[in-house]
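Student: I should like a close look at a single part of this model, followed by a connected account of how other parts compare in burial and contacts. Please begin at the surface and proceed inward from there.

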Amino acid sequence: MRMGKDAVTAQTPGNILLGAGTWHKGLKFADSAWTGAVLGATSGGGKISIKGEFVEIEVDGALVKFKGQTVKQGGTASAEVNFVELTNDIMKLGTLFEEGEETVNGFTMLQDKENIEDGDYVENLGFVGFTADGSKQIIVIFENALCTSGMELEPKNKEQSVVKLTFDAVANPDSNLKTLPVKIYYPQIPVV
């Protein structure tokens with residue numbers, strides 16, 4: 001390290017996330033391997049936001065913030081994904097529509113429905129990315145995710161359409177309702 005010049009070390013390329021990564025549903029580790037179905041190709045990648053929610057305790061006489069004054073009270077996590085593929089599954093996720101009974105030869109018809117159903121939640125929505133040197137996978141999994149953005153198409157001449165879907169992490173009602181249902185998997189660093 002060159003004090004005051006830069007902070008680059010031999011480990012730096014192995015700690016830089018590079019590229020758009022991939023988005024999966026049903027991502028889990030089983031039988032010594034990660035499994036899950038790719039949701040679709042992206043253009044413009046995506047964005048993951050994980051943020052705690054905080055309460056500031058007001059104390060008379062304290063004119064500056066102090067340790068212990070800020071209390072974490074839950075949090076939010078969301079993923080914004082820019083899909084370039086427009087599949088039946090992606091449209092159903094974005095609209096919360098269901099397949100209808102009306103048939104037209106060669107087409108599947110999607111229609112609105114009244115309520116959110118269990119199948120509308122994406123179980124183990126996962127992002128998989130690699131470091132710049134390709135040595136590490138960084139994996140983020142929302143145990144359950146619901147698309148809350150809706151679906152918006154903006155077709156343009158000489159451009160591909162991109163469908164931006166935003167997913168919010170949601171907990172199972174019988175789980176811990178005080179912590180985010182999100183897991184980040186980062187490779188262990190070998191002890192030298």
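Tutor: Ile-48 has a relative accessibility of 31%, and because the partly exposed class lies between under 20% for buried and over 50% for exposed, Ile-48 falls into it. The model is a predicted one. Ile-48 belongs to strand S3, which covers residues 42-56. Together with Ile-50 and Ile-184, Ile-48 makes up a nonpolar patch on the surface, and the accessible area of these three residues together is about 250 Å².

As a general tendency, nonpolar side chains in soluble globular proteins are buried together. In this model, the largest nonpolar core holds 20 residues, and those touching the most other members are Phe-83, Leu-125, Phe-142, Leu-165 and Phe-167. At least two residues of this core come from each of strand S4 (70-83), helix H1 (88-95), strand S7 (122-131), strand S8 (137-147) and strand S9 (163-169). Leu-165 may serve as an example: leaving aside residues up to four places away in sequence, its contacts include Ala-79, Val-81, Phe-83, Ile-90, Leu-93, Cys-147 and Met-151. Glu-80, Gly-94, Ser-149 and Gly-150 are also among the residues that Leu-165 touches.

Burial is also found for a charged residue. Asp-120 occupies the loop between strand S6 (110-111) and S7. Its relative accessible area is 8%, and since buried means under 20%, Asp-120 counts as buried. The side chain of Asp-120 makes a polar contact of 2.8 Å with the side chain of Lys-113. The Asp-120 side chain also reaches the backbone nitrogen of Glu-117, at 2.7 Å. With residues up to four places away in sequence left out, Asp-120 touches Lys-113 and Asn-115, and also Leu-93, Leu-96, Ala-145 and Leu-146. Leu-93 is thus a contact of Asp-120 as well as of Leu-165.

Two loop residues may be set beside Asp-120. Asp-31 sits in the loop between strand S1 (17-30) and strand S2 (33-38). Although Asp-31 is not a glycine, its phi is positive, at about 55 degrees. With a relative accessible area of 78%, Asp-31 is exposed, because that class begins over 50%. Lys-158, in the loop between S8 and S9, is likewise not a glycine and has a positive phi of about 60 degrees. Its relative accessible area is 80%, so Lys-158 is exposed. Asp-31 is therefore exposed, whereas Asp-120 is buried.

Definitions and conventions:
Residues numbered from 1 in each chain as written. Predicted model: local features only at pLDDT ≥ 70, side-chain atom pairs only at ≥ 80, totals over all residues. Heavy atoms only, no water. Core = buried A, V, L, I, M, F, W, Y, C linked by side-chain atoms within 4.5 Å. Buried < 20%, exposed > 50% of the residue type's maximum accessible area, 1.4 Å probe, protein only. Helix = DSSP H or I, 4+ residues; strand = E, 2+ residues; numbered from the N terminus. Contact = heavy atoms within 4.5 Å. Patch = residues over 30% accessible without salt bridge, like charges linked within 9 Å, V, L, I, M, F, W, Y side chains within 5 Å. Areas by Shrake-Rupley, 256 points an atom, 1.4 Å probe, with all protein chains shown as cover. Salt bridge = Lys/Arg side-chain N within 4 Å of Asp/Glu carboxyl O. Polar contact = N/O pair within 3.5 Å; in protein donor to acceptor, adjacent residues only side chain to side chain.
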